[in-house]
Amino acid sequence: MSITEKSLQSKFTGKGHPEKELPDFFESKEELKIFLESIPQVIFIRKAEAGFPVEFASANVSFLGYEPAEFKTGKILYVDIVHPEDLEAFNFGVISNSERGIKDYTLEYRVLTKNGNVRRVEDRTLIQYGKNGRISRYFGIVSDITTRRELAEKLEQEEQKFNSLLNSNNSIIIILDRNGKFLEVNEGACTGLGYSREELLKLAPANIDTRYGNQFSRQVKKIYQEGKITFETTYLKKDGISIPVEVEAHVMDYEGKNTVLIVARDISAEKKIKRDISHLLKVNKVLELIISSSPLVVFLSSPREKRPVEFITENVIIFGYPAGAFTSGELTYENIIHPLDIEKVRDNLFRNYNEGRNDFFQEYRILTASGEVRWVNEQTFIHSDEKGDIDYLYGTVIDVTEKRQSSDFLRLRRDAGNALASTDEIQEILRQLLDLALEVEPLDSGCIYLMDEGSNELRLKTCKGLSPAFVKAASGFGKAQGLANLLRIGKPVYRHYFEIKNMASLETPPEEKLRAAAFIPVFSGGRFAAVIQLSSHKADEISETSRKQLETIALELGNEIGRIREKAELHQTSSDFQGLFKSIKDFLFIVNYEGCILHSNPAFRKHLAYTEKELLGKNILSFHPQNRVLEAAKNFSEILEGKTSLYSVPFVSREGAEIFAETRFSRGSWKGQEVLIALARPRLTE
C-alpha cells in the first residue's frame, strides 16, 4: 500500500471533515497540499450522492485538464468525466461493492480529459461509513495507467503475432539454446517430424539430424560467427523415415536469451523435381532432333525477373538467336520481347498464377535478331512448389505472324460492327469506316463517295490523309463517267494510281504522289450506292489479304446504307401511326400486365383531364369510382387470364365526373415488352 493510500485509510475512523484530520506525519494543511501535488495519483473525495459530487480533488487533477475548483463548486460531477461507454460499469462497480460492505475495492475504466482525450485509469476506492452505518464518502486514488495498458496490449499482440507467425509457417521451426536444448517448436515441426510438442521438447539435435546432429556445438560456433548459415541435411522422423531438408540457422534473442533459430524446409519434392528434370533433359536430347525441324520452340525458364532461360530448343534460331545465348545467360527471355509488350506479358503471368491457373495462352510481339517484329503465341505452364510459390515455367512458343495478319480480316469486320452499332448518322458512319479502312496496310489516305439518287452522280462525303488541293479536285470524281461505269460493273479496281487516273480521265494534282490505289464499289439492296477510294503514298501494291479486308469494309458500308434507308422508311411509317394515334376520337391507351399506364392518346387524356406525364405509370384502377374498384380489379384479372376481353367499369375524371365506356383489351407488344392495348368509345352524357 502506497503512502497516499495509508494516509487516506488512517482517516476512516476519524470524524468531521477529512481535511481537518491530518495524519501524524503532516504538520499542516500546506504540507498535505504540497504532498498531494507531488504524487502521480489524483485524490478524489466523492459524496455518496447521485452523480458523485466531488468534495475534494487534489491539485494534480490538472493532468486531465481540470481545476479542483471546477469539482468543488459542483460545476463538474465525477460521473461527468467517466467515459460514457464505461459509465454503466462504473456505477455497477460502486453499487455492488457498497452493497456487499466492501471498504476497499479497485475499478479500471476510461475517463475524458477536458479537451476530449481518452485516458485509462485505475481507481482504488476506500469507503467511509457514518455513525448510522451508511456510506458518507468515497476516497478515490486515481492513477493514469494508459501507457501501462497500451504497453501490455502491445506486448500481448506481439506475443500473439509471434505465436501466429510461428505456427502459420509450414516449415519445421525449432528454437534451441547454445547447448542444444529445445526451447520452442512450431506445429510444422510436430507435423513434419511426427512428434507431439511435449515429445519434441525432450529431444536433442542428435535425435533428428542424421548428418550434423552430433556436431551441434561446432555448428553453433559457426552460426554465432556468421550470424546465419544455410545447409542441407537429413531429418529422421519418429516413424524412422528420413526426409531431405534445407536448413537456415540464425542467432535469435528469445525471452532475453541468446538462442539459435532453426528453420528447416522439406525439399523432398524439389529433389524429385530435379531428378525428373534431369531425366527429361536426357529425353530432350532425343526430342531435340525432332523439335529442331519443327516451328514449335520449347523452353524452361525461371520466374525471376527477366525470366532467365534454363533450357531452350535449338530451333529458336528461326528468330535469329542461338540457343546458347539464352542458356549461357547472355540473353534472358524478356530481352527478345517487344518493349511495348513486356508489361502485358508479366501481368498475364502473375494474373493467371493468382487466379490459380496452371497453364494459359497469350499472344505478343518479339524482336528477331535482325530487328524484325514477329507475333508469337506462347503456351505457358506454371509449376509451383509445395508452398504454392512459382518454381519454374515451361512451355512452347510458335510464330503466328501470318495467321494473325489473316485474322485481322475478321477483326476489322467485328470492329466495324461495334463502331457502327452506336450511331445512325451517315456522316459519322462514313468517317468510322474510312478510319477502319486506313488501318489496313499499306493504305494511308482515302475518300468515300455516296450516290445521289436525284442526280445519279457520286458525291464526295469524307476524306482523310490527302492535301486540300487533292480534295478539291477529288470532289469532281463523281462526274467521271468512265470510272462510274467501271465501278457499276461491281468489281473493285486495284492498280497504281496513275493507271486508274488515266483510265477514268481524272484530274488530280501530280504533287500528291499517290502510288498503290483501290476503287471499291459499294452496293446496297442490289443497287450501286457508294465508292470507297483508298491509296498509299509509300507502297506500289495492295496484298490479297488487305484486299479482302477492304472488301469486307465495303460490304459493311452497303449494309449500313441499307439499314439507314430501312430506318427512314420505318420512321415514316411510325410518324403515320402516331398521327392516327393522336387524331382518333376514341380512348386508346396501353398498360402493362400490372395495370400501369405506359402510353395514352390525347382523347383519353382530354376527357380524364390529366396530362400525359400525370397518367404515365399510374394504375388504371385508380381512375374508376371508389365503390367499383374491387369490381374493376376482378374484371382486369379475368382479362389477364384470358376469360374475357371486355372491360365495362366507368372511368372517373379529375373533377369526379364518371365517363361510361365499353373497353376492349387485346394483347400486344410495346417497346419490347408484352402489354395490353385498350380501345374504348366513351358514351358522353349531354
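**Salt bridges, sheet and hairpin**

Reader: How far apart are the closest N and O atoms of E428 and R431?
Author: E428 forms a salt bridge with R431. This is a predicted model, and the distance is computed from it. The closest N and O atoms of the pair are apart by 2.5 Å.

Reader: In which helix do E428 and R431 both lie?
Author: The two residues are three apart, about one turn of the helix. An α-helix has 3.6 residues a turn, so residues three or four places apart point the same way. The helix that holds both E428 and R431 runs over residues 426-437 and is α15.

Reader: Which residue of helix α15 lies four residues from D435?
Author: That spacing is about one turn of the helix. D435 also forms a salt bridge with this residue, the closest N and O atoms being 2.9 Å apart. The partner, also in α15, is R431.

Reader: Is R431 buried, partly exposed or exposed?
Author: Buried would need a relative accessible area under 20%, exposed one over 50%. R431 has 36%, so it falls in between. Its partners E428, at 26%, and D435, at 23%, fall in the class in between too. R431 is therefore partly exposed.

Reader: Which residues are linked with E428 and R431 in a network of salt bridges?
Author: Side chains of opposite charge can pair when their charged atoms come close. R431 forms salt bridges with E428 and with D435. Linked with E428 and R431 in the network are D435 and K464.

Reader: Which residues of α15 are buried?
Author: The charged residues E428, R431 and D435 are partly exposed, so they are not on the list. The buried residues of α15 are I429, L430, Q432, L433, L434, L436 and A437.

Reader: What distance separates the end C-alpha atoms of α15?
Author: The helix has 12 residues. At 1.5 Å a residue, α15 should therefore span 16 Å. The model agrees, with the end C-alpha atoms apart by 16 Å.

Reader: How many salt bridges does a search of the whole structure find?
Author: The E428 and R431 pair is one of them. Another joins E270 to R265, with the closest N and O atoms 2.2 Å apart. The search of the whole structure finds 32.

Reader: Which are the edge strands of the open sheet β2-β1-β5-β4-β3?
Author: The five strands pair in the antiparallel sense. An edge strand pairs on one side only. The edge strands are β2 (54-57) and β3 (104-112).

Reader: Which helix packs on the sheet?
Author: This helix touches β1, β3, β4 and β5. Its direction makes about 165 degrees with that of β3. The helix covers residues 87-99 and is α5.

Reader: In β5, what is the bridge partner of I43?
Author: Strands β1 (residues 42-47) and β5 (residues 135-144) run antiparallel. Six bridges join them. The partner of I43 in β5 is I141.

Reader: Which residues form the covered face of β13?
Author: In a regular strand the side chains alternate between the two faces of the sheet. The uncovered face of β13 has D359, F361, E363, R365 and L367. The covered face has F360, Q362, Y364 and I366.

Reader: Which residue in the turn between β13 and β14 has a positive phi?
Author: β13 and β14 pair in the antiparallel sense over nine bridges, with F360 and T380 as bridge partners. The two strands form a hairpin with five residues between them. The residue with a positive phi, of about 95 degrees, is G371.

Conventions:
Residues are numbered from 1 along each chain as its sequence is written. This is a predicted model: local features need pLDDT of at least 70, side-chain atom pairs count only at pLDDT 80 or more; totals for chains, interfaces and linings use all residues. Side-chain values use heavy atoms; hydrogens and water are left out. Buried means under 20% relative accessible area, exposed over 50%, partly exposed in between (1.4 Å probe, protein chains only). Two strands pair if DSSP finds at least two bridges between them. A salt bridge is a side-chain nitrogen of Lys or Arg within 4 Å of a carboxyl oxygen of Asp or Glu. Contact means heavy atoms within 4.5 Å. Axes are lines fitted to C-alpha atoms, for helices over the stretch in contact, and angles run from 0 to 180 degrees between N-to-C directions. The expected span of a helix is 1.5 Å times one less than its number of residues.
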